[in-house]
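Student: Please take a close look at the aromatic ring pairs with me, and then carry on from there to the rest of the model. I am new to this, so plain steps would help.

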Amino acid sequence: MRVAREARNTRVISKKLLTPNMVRLTLGGDDLENFPEGYEGGYIKVVVESTGTGIVSRSFTVREFDPEQLCLVIDMVAHGDHGPASRWAGQVRVNDEVNILGPGACKRLNQEADWFLLAGDMTALPAISVNLEILPENARGYAVLEVIDPGDQIELNAPKGLEVVWVRNDDPLRAPSPISDTVKNLVWLEGQASTWVAGEFDTSRSLRQYFRHERKIHRDFMYVSCYWKIGDTDEGMKVAKKNDSEAW
Ligand SMILES: Cc1cc2nc3c(=O)[nH]c(=O)nc-3n(C[C@H](O)[C@H](O)[C@H](O)COP(=O)(O)OP(=O)(O)OC[C@H]3O[C@@H](n4cnc5c(N)ncnc54)[C@H](O)[C@@H]3O)c2cc1C
């Protein structure tokens, strides 16, 4: 996954608890003047300090970008102090400076299909929200969404024929996530499916295998990505992905 490494210096212009386990940051500043439009659902990298390694960057989805107001919204899962980005999100204040890189590619759902299946945990909620918003009104299928707390169920702008299935996992660090079994137990619809999945490494891996081997979904209709890995930093996840026998 390559990211255009254009660096921009921004400031936090607002910070709020969107839901019990999700922090919404709005970033602003003149450096966003040349931020490209149409990258909602793509990602930026937020540069944060890390004890030990100095500076690291972590990926977060562009939830909204307003080219007139020059502000960009990201929603970050508050998963405690054990990751530099999560720690930073807990401590950052309005007016603090933030360096960002990107944006990186938007991997959107292939819309040339008969029905759609989206799934993910809270890290994927921003990207899934964008994908649901741009589906045609008559789209049908499912969105299987894992939240830590019922209060994390955000309002979605999804087509009426798309069933939203919320699953609860109050400890995302305890594998397996209920997402894979929930997806595998769905009534498989007729016609060409288009799938979009992101979240924890093992869950995404298991769904990738399911779609590829059991449902025979062609890769043109399948986007499955890992956004984080239990027990590994972002850097560790990338190594695991590279060394995985199952191609990503
Ligand atoms: C393209 C892309 C888009 C993404 N978009 C978003 C987004 O919009 N919002 C968002 O919140 N995340 C998003 N992520 C995931 C985010 O980048 C990772 O969760 C990242 O690991 C967080 O960095 P960190 O410094 O907090 O933790 P790291 O230093 O990477 O990891 C430290 C520890 O925290 C654990 N950890 C990491 N993430 C989580 C988590 N979510 N829950 C529980 N434990 C965790 C790890 O297992 C590890 O033990 C995205 C990832 C990608 C690749």
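**Ring pairs and beyond**

Tutor: Counting rings of Phe, Tyr and Trp as a pair if their centres lie within 6.5 Å, we arrive at 7 aromatic pairs. Keep in mind that this is a predicted model. To describe a pair of aromatic rings, we give the distance of the centres and the angle of the planes.

Let's start with Phe-35 and Phe-65. Their ring centres are 4.9 Å apart, with 55 degrees between the planes, and the pair is tilted. An angle over 60 degrees would count as edge-to-face and one under 30 as stacked, so 55 degrees falls in the tilted class. Now find the two residues along the chain: Phe-35 sits in the loop between strand 2 (22-28) and strand 3 (43-50), while Phe-65 belongs to strand 5 (residues 64-66). They are 30 residues apart, and the pair links distant parts of the chain. Both Phe-35 and Phe-65 are buried.

A second pair to look at is Tyr-210 with Phe-211. This one is tilted too, at 5.7 Å centre to centre and 45 degrees between the planes. Because buried means under 20% relative accessible area, Tyr-210 qualifies with 4%, and Phe-211 qualifies with 1%. These two rings also have company: ring pairs join Tyr-210 and Phe-211 with Trp-115, Tyr-142 and Trp-188 in a cluster.

While we are on buried residues, have a look at helix 2, which spans residues 125-133. Helix 2 is mostly covered, with 8 of its 9 residues buried. Those buried residues include Leu-125, Pro-126, Ala-127 and Ile-128 in the earlier part of helix 2, and Ser-129, Val-130, Asn-131 and Leu-132 further along.

For contrast, go to Lys-242 in helix 5 (residues 234-243). Since exposed means over 50% relative accessible area, Lys-242 counts as exposed with its 75%. The C-alpha atom of Lys-242 is 33 Å from that of Thr-26, and 216 residues separate the two along the chain.

Next comes the ligand. There are 26 residues around it, and the closest are Ser-59, Val-77, His-79, Ala-85 and Lys-229. By type, these 26 surrounding residues split into 12 nonpolar, 9 polar and 5 charged. Which elements supply at least two residues each to this shell? Strand 4 (54-61), strand 6 (71-77), helix 1 (84-91) and strand 12 (222-228) do. Strand 4 contributes the most, with 4 residues. Domain 1 (7-104) and domain 2 (115-243) both give residues to the shell, so the ligand lies between them.

Zoom in on the oxygen atoms of the ligand and you can pick out some polar contacts. A backbone N or O atom of Ser-59 is 2.7 Å from a ligand oxygen, and a polar backbone atom of Ala-85 is 2.8 Å from a ligand oxygen. With Arg-58 the side chain takes part: one of its polar atoms lies 2.9 Å from an oxygen atom of the ligand. How much of the ligand does the protein bury? On its own the ligand exposes 920 Å², and the protein buries 94% of that.

Finally, follow the backbone itself, starting with two cis peptide bonds. One runs from Gly-102 to Pro-103, with omega near 10 degrees, and Pro-103 is part of strand 7 (residues 97-104). Another runs from Ala-175 to Pro-176, with omega near -5 degrees. Pro-176 is in the loop between strand 10 (162-168) and helix 3 (178-184).

Two further spots concern the phi angle. Asn-95 is not a glycine, yet its phi is positive, at about 90 degrees. You will find Asn-95 in the loop between helix 1 and strand 7, and its relative accessibility of 51% makes it exposed. Lys-216, another residue other than glycine, has a positive phi near 50 degrees. Look for Lys-216 in the loop between helix 4 (201-214) and strand 12; it is exposed as well, at 65% relative accessibility.

If you go back to the rings now, try finding the Phe-35 and Phe-65 pair and then the cluster that holds Tyr-210 and Phe-211.

Terms used:
Residues are numbered from 1 along each chain as its sequence is written. This is a predicted model: local features need pLDDT of at least 70, side-chain atom pairs count only at pLDDT 80 or more; totals for chains, interfaces and linings use all residues. Side-chain values use heavy atoms; hydrogens and water are left out. A residue is near a molecule or strand if one of its heavy atoms lies within 4 Å of it. A polar contact is a pair of N or O atoms within 3.5 Å; within protein, one must be able to donate a hydrogen and the other to accept it, and residues adjacent in sequence count only if both atoms are side-chain atoms. Accessible areas come from the Shrake-Rupley method with a 1.4 Å probe; for residues, only the protein chains shown count as cover. Ala, Val, Leu, Ile, Met, Phe, Trp, Tyr, Cys and Pro count as nonpolar, Asp, Glu, Lys and Arg as charged, and the others, Gly among them, as polar. Domain bounds come from an automatic or database domain assignment. Buried means under 20% relative accessible area, exposed over 50%, partly exposed in between (1.4 Å probe, protein chains only). Rings of Phe, Tyr and Trp (its six-membered ring) pair if their centres lie within 6.5 Å; planes under 30 degrees apart count as stacked, over 60 as edge-to-face and the rest as tilted.
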